[in-house]
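Trainee: Got a minute to walk me through this one? I'd like to ask as we go.
Mentor: Sure, fire away.

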Amino acid sequence: MNTFVNATHPSDALMRDLSLVGDYVPCRATGATWRERVSARVGGKSVELERAVEKLKDLLKHSRAPAMVGLHMLSIEALRETVRWAESVSGRLQPWPVIASPLAQRRPVTMTATLGEVFASDLVIWVGREGYEEDHPVARAIAEKQLLAAFVGCDAQTVLGCRATFENDPTAEPVGRHRRVAVVLPPGCEETVASQWHALAARLQQFVRVCVFQIPGINAMNARGVAEVLTWQTGVYPATGIDFSGGAPRACSDAQTLLDLHAIDLLIEVGKPTEQGHRSWAGPLPGARVTIGHTPAHDGKDDLDAALSITLPGLFPVAARMMRCDGVVLWLCDDPATAPPDPLAELLRYLCDQTATT
Amino acid sequence: MTDVLHIKNGRVFDPANTPPEADGVRRDVYAVDGKIVGKLPEGARPTRTLDATACVVMPGGVDVHCHIASSTVNRARAMQGEEHASHIHPRKLEHNLRSGSGMLTPSTFVTGYRYAALGYTTALEAAVSPSGARQTHLELDDTPNLDAGFLLLCANHQHVIERLDKGDQEGAVAFISHMLRKTGALGVKVVNPGGVASWRRDATHHTLQTLDDQVASSSVTPRKLLQLMARVCESLNLPHPPHVHCNRLGLPGNVATTLETIKALEGRRMHLTHIQFHAYGQNNKGDFTSGTAQLCDTLNAQHHVSCDVGQVVFGDAFTLTGDTPLEHLLWKLTGRRYANVESELEAGCGVMPITYTDKSFLHSLQWSVGMELMLGCHDPWRVLLSTDHPNGGSFLAYPTIIAQLMNKTLRDEQLAKAHTRVQKHSALKDHTREFTLRDVAIVTRAGPARVLGLRHKGHLGPGADADITIYHDNPSDPLAMFSTPRYVIKAGQVLVDDGELRHAVKGQRLAATITPDEKGEALFTEYFRGGSYDVSQFGLHEHELKSCVSVKG
């Protein structure tokens with residue numbers, strides 16, 4: 001069992017780097033172990049952890065199809081434990097945001113350059129820029145560094161028009177005069193539009209270096225880390241979810257998500273759920289819902305609606321890692337040798353060990 | 001408690017420690033607490049004895065060049081949904097083995113399990129960008145059973161080229177030294193030196209034709225970059241020389257570039273990787289021919305040069321390379337799904353599936369050229385087995401390749417299925433050499449360990465890691481023999497027992513021993529001020545570096 005040490009305040013550099021990943025609220029560690037900090041509720045009433053674990057075992061025992069959903073708020077360390085847990089209970093993993101498009105499963109490469117490459121471009125072509133750069137830290141960072149910008153619409157007609165123009169004449173404006181061009185796609189860009197921009201970029205490479213960079217959703221947090229960790233541990237790109245029910249990982253149907261199929265009878269939200277997370281699937285919630293993550297779960301209030309809730313106070317900095325949207329791995333602390341371990345990863349490891357089916 | 005392993009009465013092949021005539025002699029092998037010992041310590045009793053009477057005992061296999069852990073490999077996994085769906089690996093509760101999927105680019109746990117099941121216990125990830133090093137460490141942490149290191153992509157780094165352009169070789173060496181140390185790399189990877197940087201700067205500069213072409217309108221040339229990388233390896237006393245993927249990979253007549261690359265290093269040590277892809281001649285019609293005759297003559301004479309073959313295997317493969325202009329060219333030729341990703345002005349990596357078919361003249365020639373190189377070079381210590389996994393094919397094809405090297409009949413059977421032009425003109429049919437078990441032990445373990453500078457790997461002498469593979473003694477059926485080892489032992493622990501993987505252990509990270517360089521750190525910090533993240537987030541922290549096994553040159 002690890003004992004937290006008093007964490008120092010994070011450096012400006014750390015906060016600057018992590019601002020491109022998500023919204024962190026520094027929280028000073030208190031010197032307690034994760035077990036002393038954990039709180040649990042069953043049916044809205046406070047219980048001891050052991051009682052909550054018994055309830056969790058019971059729910060899992062009677063579940064034909066448990067699913068761990070959310071995940072994007074988890075560190076890489078916590079994600080590893082979550083994959084192990086899903087595997088051990090023959091469950092499902094459904095990352096948020098839910099992407100139900102068949103194209104998403106078939107086009108896992110959403111960007112062809114890291115942020116540093118975009119910064120070094122002669123020209124940034126903003127696709128569908130409608131003010132989001134002012135709110136989005138990644139877009140703002142690009143806008144601050146750009147030498148020259150062009151703006152085009154975020155619709156299929158526009159990109160098809162660009163393809164017709166540039167493929168016939170790669171020297172046409174606004175691309176022609178430049179050596180290195182970055183196409184920046186907006187958060188939530190339609191797959192059909194994004195794939196056309198990728199196709200155009202690939203075709204132009206023999207005339208102009210063109211990269212495609214997609215701005216992540218404002219709450220995406222470690223969504224890139226989720227995709228990477230789940231892919232390297234299972235071999236399955238998780239756009240539409242991963243199903244361990246057969247004893248080995250399989251991609252869920254690319255036509256519909258597990259949640260839309262109502263295949264899930266136990267929903268375990270792992271990581272601090274977001275409002276968007278709750279709204280990311282259609283239809284009624286399945287029979288039982290469990291939340292495991294950081295408090296406050298919603299607007300500073302505990303999640304009283306859940307059948308079971310196991311939470312830890314948010315802690316930062318911790319000796320854990322997340323990924324920036326372009327795959328750069330960042331520590332969530334200045335010095336991982338002295339920072340406390342991620343308590344959520346420890347909690348998930350404990351829950352996995354306690355509930356694993358044999 | 002002391003863990004003592006006794007391997008009894010096996011035919012031992014340990015080329016690093018025994019002359020040819022002593023290989024295959026029956027003897028016992030002992031390991032205490034994960035290390036080989038010459039004899040059992042006084043009073044010690046074996047905690048486990050394995051009867052190897054009908055078996056051949058070799059050191060654990062060492063893959064000198066493969067792609068198993070990086071953001072690029074992960075991209076390839078993600079792109080192969082159908083392949084992964086058809087190769088699933090269920091969890092094995094009884095042995096506490098994790099599940100996974102994939103054959104060409106398996107998930108991390110499965111990669112470790114499958115390597116061990118083939119008798120391999122060490123591997124080198126061959127291409128990692130500096131900013132991607134953290135992900136590689138994370139993936140290697142999740143790859144059991146393999147001790148592994150990686151090579152850092154250095155030769156197309158924008159700042160390295162800028163330093164060299166200013167004539168500041170010292171600064172470039174210091175800068176690279178700092179990157180290597182901070183990332184926990186085992187060595188330097190040189191990919192299409194200058195070619196990737198040229199293409200990064202100007203899309204119309206797709207291919208550098210000679211070693212003296214200018215890189216990105218600078219005074220830097222591929223020759224200067226090669227010489228710089230050799231200097232880096234020498235001055236830092238790295239365990240492994242520059243690991244060179246030459247310019248003009250896959251193009252007709254590129255053997256001339258390969259020979260020029262050897263000359264460019266003027267007698268310094270170098271390792272030429274996947275040399276099969278760089279061994280093509282060209283006839284007067286511009287068609288591909290085999291360039292192996294010239295290349296074998298040179299390799300036989302130049303004892304400072306080692307290489308791995310990059311053997312092509314017929315069937316599905318996946319190209320995965322830091323040579324981004326090449327990957328783009330391949331995409332234009334085949335139109336298959338592809339992605340090229342550029343990283344922080346350091347390097348790039350491309351991925352695309354490929355299928356090698358014996359109906360294709362070029363693919364047949366590539367298979368033949370690989371075999372000709374392995375058989376035509378006299379010194380197996382310097383011409384090592386690889387498929388450049390998964391570029392030429394999966395590492396799972398190693399038993400097939402070994403069988404063809406050991407048995408001319410099997411080779412001839414494959415040649416008979418090859419494209420008719422290759423059947424007619426290939427020099428392969430004239431090669432009568434058949435690999436011995438000693439040759440196999442050299443090209444798959446002793447040689448790679450020596451070339452990589454891993455003194456504790458690839459042999460069974462006292463002090464070596466107790467990584468041991470025990471095969472059924474059946475050289476008349478080499479495919480069966482090398483496909484299913486009887487036992488595989490990693491650091492003294494039995495992983496494969498009776499041909500079945502029953503255990504997994506955590507592998508170690510192998511990093512070159514590099515003294516901190518203040519000048520390099522200062523240069524790097526200054527350069528990184530313009531980066532997209534803070535320099536403190538680059539590479540590994542000191543406590544992470546301490547967890548790596550430090551490999552001295």
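Trainee: Which strands make up the open sheet of 3 strands in chain B, and in what order?
Mentor: The order is 17-19-18 in chain B, and the pairing is antiparallel. Strands pair if DSSP finds at least two bridges between them. Helices (H or I, at least four residues) and strands (E, at least two) are DSSP runs, numbered from the N terminus.

Trainee: Before we go on, what kind of model is this?
Mentor: This is a predicted model: local features need pLDDT of at least 70, side-chain atom pairs count only at pLDDT 80 or more, and totals for chains, interfaces and linings use all residues. Residues are numbered from 1 along each chain as its sequence is written, and chains are lettered from A and ligands numbered from 1 in the order in which they are written.

Trainee: Back to the sheet. Which are its edge strands?
Mentor: Strand 17 (315-321) and strand 18 (339-343) of chain B, each pairing on one side only. Neighbouring strands in this sheet are turned by 15 degrees against each other on average, direction ignored. Axes here are lines fitted to C-alpha atoms, for helices over the stretch in contact, and angles run from 0 to 180 degrees between N-to-C directions.

Trainee: How many bridges join strand 17 to strand 19 of chain B?
Mentor: There are 7, linking strand 17 to strand 19 (residues 347-356) of chain B in the antiparallel sense. As one pair, B:Ala317 has B:Ile354 in strand 19 as its bridge partner.

Trainee: Which helix lies across strand 17, strand 18 and strand 19 of chain B?
Mentor: Helix 11 (residues 324-334) of chain B does, at about 35 degrees to strand 19 of chain B.

Trainee: Now the start of chain B. Which strand runs antiparallel to strand 1 there, joined by 7 bridges?
Mentor: Strand 2 (residues 25-32) of chain B is joined that way to strand 1 (residues 4-12). B:Leu5 stands opposite B:Ala31 in strand 2 of chain B. Strand 1 of chain B also has 4 bridges to strand 4 (residues 48-51) of chain B, running parallel. There, B:His6 faces B:Thr49 of strand 4. A further 2 bridges tie strand 1 of chain B to strand 5 (residues 55-59) of chain B, again parallel. B:Val12 sits opposite B:Val57 in that strand 5.

Trainee: B:Val57, is that residue part of the core or outside it?
Mentor: Part of it. The largest nonpolar core has 281 residues, and A:Val183, A:Val184, B:Val57 and B:Met229 touch the most other members. Helix 16 (residues 437-452) of chain B gives the most to this core, with 9 residues. A nonpolar core is a set of buried Ala, Val, Leu, Ile, Met, Phe, Trp, Tyr and Cys residues joined through C-beta atoms within 7 Å. A residue is buried if 20 or more other C-beta atoms lie within 10 Å of its own, exposed if 12 or fewer, and partly exposed in between, with C-beta atoms placed from the backbone.

Trainee: What is A:Val183 in contact with, leaving aside its neighbours within four places in sequence?
Mentor: A:Ile125, A:Val127, A:Trp197, A:Ala201, A:Val210 and A:Val212. Contact means C-beta atoms, placed from the backbone, within 7 Å.

Trainee: And B:Arg433, where is that found?
Mentor: In the loop between helix 15 (420-425) and helix 16 of chain B.

Trainee: Why is B:Arg433 classed as partly exposed?
Mentor: Because 13 other C-beta atoms lie within 10 Å of B:Arg433.

Trainee: Switching to chain A. Which strands form its open parallel sheet of 4 strands?
Mentor: The order is 6-5-7-8 in chain A. The edges are strand 6 (149-152) and strand 8 of chain A. Strand 5 (residues 123-127) and strand 6 of chain A pair over 4 bridges in the parallel sense. One of the pairs is A:Trp126 with A:Phe151 in strand 6.

Trainee: How many residues of chain A are in contact with chain B?
Mentor: 49 residues of chain A, in contact with 53 residues of chain B. Helix 11 of chain A gives the most to chain A's side, with 5 residues.

Trainee: Last one: what are the ipTM and pTM?
Mentor: The model scores ipTM 0.97 and pTM 0.96.

Key:
Contact = placed C-beta atoms within 7 Å.
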